[in-house]
Amino acid sequence: MTNLIIDSTVANSVNPSINLAALGVPSNVVVSNTTSTVQPSPFELLKSLESARISWETVELAQSNNRLYSILKQAYSFYLVMKQDADKEVRKAKLEAMEAFIADKGYTNSFGATTHDMTRVVKCVFGVDRRRVSAYSIALREALRQEVGADDLVTFLQENGGVEQIRMGGTKPLSATKRAELVKAEVSEAVISKVKFDAETVKANADWVDKQVVFVATYLPTGEFEVNAVVRHDGAVNTALAAYYTLAQAKKREEANALKKAEADAIAAQKSEAKAEDKTAKQIAKTAKEVAEKVQAAKATEAFNNVFETEAAEAELV
């Protein structure tokens with residue numbers, strides 16, 4: 001027995017007629033499912049779009065951001081080496097490479113006298129899109145301001161909502177607790193002096209063994225400190241450590257600025273010396289040329305006089 005399958009859409013459109021007897025064989029006619037596809041409701045459509053967005057964020061966008069952060073990390077590392085490497089020649093090589101790259105790409109006129117070198121590095125990497133270069137430079141300079149290491153840059157960007165959030169001012173100053181944590185071990189290891197108080201004045205407390213406290217002291221003209229109170233409180237300790245961190249960072253920035261100024265002054269001095277040497281060389285060359293011209297003129301005069309004297313002598317003989 002032959003089964004004949006007819007698509008209902010074709011049947012409805014052309015109204016075919018089939019003479020089963022003419023086929024000469026027993027036949028069954030099976031009509032395909034005529035149920036139309038059900039369109040999703042607006043609510044289901046939104047749910048579907050949400051799922052697509054989640055998939056995009058967790059897979060495609062995440063991969064794209066990870067790749068971007070990797071490139072930013074390398075650019076940030078380039079800048080740190082160019083500015084902070086202990087070897088002056090290494091710093092110089094990085095700077096010269098950057099300047100040569102900028103000249104090769106024709107970016108020189110894109111920068112002003114006060115353009116941050118971080119922006120120059122970002123420009124070398126990300127090209128002519130000014131908005132993108134600006135956004136990335138702002139994010140990396142914020143990381144620089146917070147003294148984020150190259151290895152910690154990706155975490156910094158992720159924890160602060162990404163480049164765009166940082167560009168819009170989304171980063172928050174480090175909390176007092178965070179600042180305290182960053183210097184707690186450093187301060188503990190830096191033993192300035194040891195002080196022991198009378199047991200009746202400051203009673204021992206085993207709960208505070210190996211823990212930090214705050215001294216309220218008065219600085220005396222003799223260079224001594226007169227301790228007025230001992231504060232045993234975590235909040236007070238954190239506040240003191242946070243203040244220490246802030247002052248230490250300010251000092252580091254001052255030292256970095258002083259180093260940067262010293263380097264700039266040294267470069268300016270080198271350029272000035274080179275210019276002076278070039279001017280001296282040109283003056284020497286000019287003087288040498290004048291001397292050579294005078295010598296040549298003297299020789300020409302001497303030759304002329306010799307010829308004239310010879311001709312005069314010959315005339316007298318005649």
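Begin by selecting T246, which lies in helix α10, spanning residues 234-317. The model is a predicted one. T246 is partly exposed, because its relative accessible area is 36%, a value between the 20% and 50% cut-offs. Next, add A180 to the selection: the C-alpha atoms of T246 and A180 are separated by 9.6 Å, although the two residues stand 66 residues apart along the chain.

Now move to helix α3, residues 42-84. Centre the view on E57, where α3 has a kink of about 40 degrees. Then colour the buried residues of α3: L68, Y69, L72, A75, Y76, Y79, L80, M82 and K83.

Keep α3 displayed and add helix α6, residues 130-145. Two packed helices are described by the angle between their axes and the distance between the axes. For α3 and α6, the axes come within 11 Å and cross at roughly 55 degrees. The two helices are therefore oblique to each other, since this angle falls outside the ranges for roughly parallel, roughly perpendicular and roughly antiparallel. The crossing of α3 past α6 is right-handed.

Which residues of α3 and α6 meet? On the α3 side, select L68, L72, Y76, Y79, L80 and Q84; on the α6 side, select Y136, L140, A143 and L144. Sorted by class, this contact comprises nine nonpolar residues, one polar residue and no charged residues. Q84 belongs to the α3 side of the contact and counts as polar.

To finish, return to the buried set of α3, which includes L68, L72, Y76, Y79 and L80; these residues also meet α6.

Note on methods
Residues numbered from 1 in each chain as written. Predicted model: local features only at pLDDT ≥ 70, side-chain atom pairs only at ≥ 80, totals over all residues. Heavy atoms only, no water. Axes fitted to C-alpha atoms, helices over the stretch in contact; angles between N-to-C directions. Helix = DSSP H or I, 4+ residues; strand = E, 2+ residues; numbered from the N terminus. Parallel < 35°, antiparallel > 145°, perpendicular 65-115°, else oblique. Left-handed = near helix turned anticlockwise from the far one by under 90°. Contact = heavy atoms within 4.5 Å. Bend = angle between axes of the 7 residues up to and from the residue. Buried < 20%, exposed > 50% of the residue type's maximum accessible area, 1.4 Å probe, protein only.
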